Amino acid sequence: MLDPDLIHRIRSIFLQQGSHVTVDEATALLGWSRGEMSRAVRAGEVEVGATGLGKRVGREELMAKALELWGAEAIEEALGAEAAGVLPAGMRLAELHVRLPRHQVAMLEHFAEQERTTVSGVLARELDGMASSHADELRGAVSGFAEALAWPGRA
């Protein structure tokens with residue numbers, strides 16, 4: 001079960017109506033310190049744009065960073081029934097039951113523990129790499145693939 005504060009921050013990122021938030025708001029929504037945000041901006045990990053109202057972080061940028069930080073499982077859990085209205089169909093979670101050799105299961109559990117995530121999170125990250133490597137082929141072969149790969153886009 002997710003922490004209520006994290007649920008609130010995720011819901012604020014994905015359900016907000018505006019297209020941008022201030023850098024301070026983005027920092028709070030991501031649960032970062034000012035130093036962490038400054039480092040991320042300098043490293044190009046978070047793009048900040050200038051608007052007539054000052055420096056802002058785009059909603060799509062926040063959603064991309066949230067997916068990276070917390071993964072699809074946490075985001076879908078936090079959004080609950082509203083996930084269907086926010087996430088494209090290709091990004092919605094589905095159950096997959098597989099049979100693997102025990103050493104592979106142990107390996108996945110080891111990496112999940114190291115990365116403080118789930119086995120699903122480890123597999124999703126690895127599958128994202130495979131998807132990127134075969135994107136041209138998959139765009140034409142898998143319904144909804146192109147939309148899911150492009151989502152949420154970049155601000």
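**Note on the predicted model: an exposed patch, a strand set and a core**

1. At a relative accessibility of 69%, Leu96 counts as exposed, because the cut-off for that class is over 50%. The model discussed here is a predicted one, and Leu96 is placed in the loop between helix H5 (83–86) and helix H6 (102–114). Together with Val98, Leu100 and Val105, Leu96 makes a nonpolar surface patch of about 360 Å².

2. Turning to the strands, S1 (residues 20–22) and S3 (residues 54–58) run antiparallel and are joined by three bridges, with Val21 having Val57 as its bridge partner in S3.

3. S3 also pairs with strand S2 (residues 49–51), again in the antiparallel sense and over three bridges, and in this pairing Arg56 of S3 stands opposite Gly49. The connection from S2 to S3 is a hairpin that passes through two residues.

4. For the interior, the largest nonpolar core holds 26 residues, of which Ile13, Phe14, Leu62, Ile75, Leu79 and Leu87 touch the most other members. Two or more residues are given to this core by each of helix H1 (4–15), helix H2 (23–30), helix H3 (34–42), helix H4 (59–79) and H5, and H4 gives the most, with eight residues. As general background, nonpolar side chains in soluble globular proteins tend to be buried together.

5. Phe14 deserves a separate look: when its neighbours within four places in sequence are left aside, Phe14 is in contact with Arg59, Met63, Ala66, Leu67, Ile75, Leu79, Val86, Leu87 and Trp151. Among these contacts, Ile75, Leu79 and Leu87 are also listed with Phe14 among the core residues that touch the most other members.

Key:
Residues numbered from 1 in each chain as written. Predicted model: local features only at pLDDT ≥ 70, side-chain atom pairs only at ≥ 80, totals over all residues. Heavy atoms only, no water. Patch = residues over 30% accessible without salt bridge, like charges linked within 9 Å, V, L, I, M, F, W, Y side chains within 5 Å. Areas by Shrake-Rupley, 256 points an atom, 1.4 Å probe, with all protein chains shown as cover. Salt bridge = Lys/Arg side-chain N within 4 Å of Asp/Glu carboxyl O. Helix = DSSP H or I, 4+ residues; strand = E, 2+ residues; numbered from the N terminus. Buried < 20%, exposed > 50% of the residue type's maximum accessible area, 1.4 Å probe, protein only. Pairing = 2+ DSSP bridges. Core = buried A, V, L, I, M, F, W, Y, C linked by side-chain atoms within 4.5 Å. Contact = heavy atoms within 4.5 Å.
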